[in-house]
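Biologist: Could you walk me through this model? I'd like to start at the metal site.

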Amino acid sequence: MNRREFVKTAAIASAVTSLPSSILTAAEAAAPQGASLEAKVVRLNLRHTWTTHMSSSAYRDTLHLKLTRDGITGIGEGAPIVRYDEDAVRGKAAVESIRDLLLSSSPLHYEKVMAEVRRRFHGNYAAQAAIDIALMDWVGKKHGVPLYEHYGLDRADAPITTFSIGIDNPETTRLKVEEAAPFPVLKIKVGLDTDEATLAAVRAVTKKPLRVDANEGWKNKEEAVRKINWLESQGVEFIEQPLPAEMIEETRWVRSRVHIPIIADEACVNLAAIPKLAEAYDGINVKLDKCGGMQQAYAMIKTAKSLGMKTMLGCMISSSVSVTAAAHLSPLVDYADLDGNLLIGNDPWVGVKVVNGKLVLPEGPGLGLTPAQV
Ligand code: MG
């Protein structure tokens, strides 16, 4: 855009924003009366500074949506993933850019709506997830069924969830493991030079089964084989993303030399990636924010199962909106790592709960969320 076009666009934008509220655009006029969409960025404060191989932070900003139509409000959330160059502000702008589409479409046609959202968005998977979750919450509420029933699932089949321990010094690692006492299985983040010290600190205070996530932290296949075989001797059940996502051939080499399953996370962003990954990995970690919501996650889980792969549902650090949405699909999977809401101190919502490590799905319609008591 040259300067003249920019000035012209800015003038139009300012004219639109200064229109009196009684004047509606054609698309807004097509939306039913009372339909509204609220998109906002919410800052979630972490209980502990969270460190993985990739980043360290004291808070996370996620995108929250409220889509109202026919007196029903669907709640959605997307937690942008820095690795894929996404952030909440740009996610919000993406949602705003299709406001008319969302206000004029029936959420009952969620397949059609999401196909159009995917066509218009380039990336912005967390924003896609926020929209998809809001649509599904609305649909569940409209039909009066919890989303696990919408998918034909039994809440009794929800798995246990791991509780994740971020990378820290040995003393803090020990404290975090003690805090995680109610969880029967822990997920430990590794991928630095301190891996042995981290595992030693964990094993000093617990004999629980462990799952380990290297977040692409190891850089060559020999190091990966050596560390995975050592981790197996420490009671580790599986290893997630030991090598960088693009190193599929090397991962296949590693897989032939270790005994515990290797799960793809960063390497598995969408449905199309799965058949190729089946050659190098034993399973996939599906995240709503990575693939763009519940529809895509459901399709990925079914596809991976059809290829004989293990399936796992993971999450980003986010509120109970996003984690509960994933939890409604959890009766389908082998493993769950749905603890992102437990890592924050100001969750605006109450949804899925964890009792003795097991996910307990809310029974209300849609996501079944209730506002947190502040
Ligand atoms: Mg991971």
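Modeller: Sure. Donors here are N, O and S atoms within 2.8 Å of the metal (3.2 Å for Na, K and Ca), and water is not among the atoms, so sites may look incomplete. This is a predicted model, where local features need pLDDT of at least 70, side-chain atom pairs count only at pLDDT 80 or more, and totals for chains, interfaces and linings use all residues. Residues are numbered from 1 along each chain as its sequence is written, and side-chain values use heavy atoms, with hydrogens and water left out.

Biologist: Which residues coordinate the magnesium ion?

Modeller: In sequence, its donors follow the spacing D-x26-E-x24-D. The coordination distances run from 2.1 to 2.2 Å. The residues are Asp213 (OD), Glu240 (OE) and Asp265 (OD).

Biologist: Is glutamate 240 buried or exposed?

Modeller: Buried means under 20% relative accessible area, exposed over 50%, partly exposed in between (1.4 Å probe, protein chains only). Glutamate 240 has 0% relative accessibility, so the residue counts as buried.

Biologist: And which residues of helix α5 are buried?

Modeller: Helices (H or I, at least four residues) and strands (E, at least two) are DSSP runs, numbered from the N terminus. Helix α5 covers residues 110–120, and its buried residues are Tyr110, Val113, Met114, Glu116 and Val117. Seen down the axis, they fall within an arc of 160° (taken from the directions from the helix axis to the C-beta atoms), so they line one face of the helix.

Biologist: Which exposed residues does the opposite face carry?

Modeller: That face of α5 is turned away from the buried side. Its exposed residues are Glu111, Lys112 and Arg119.
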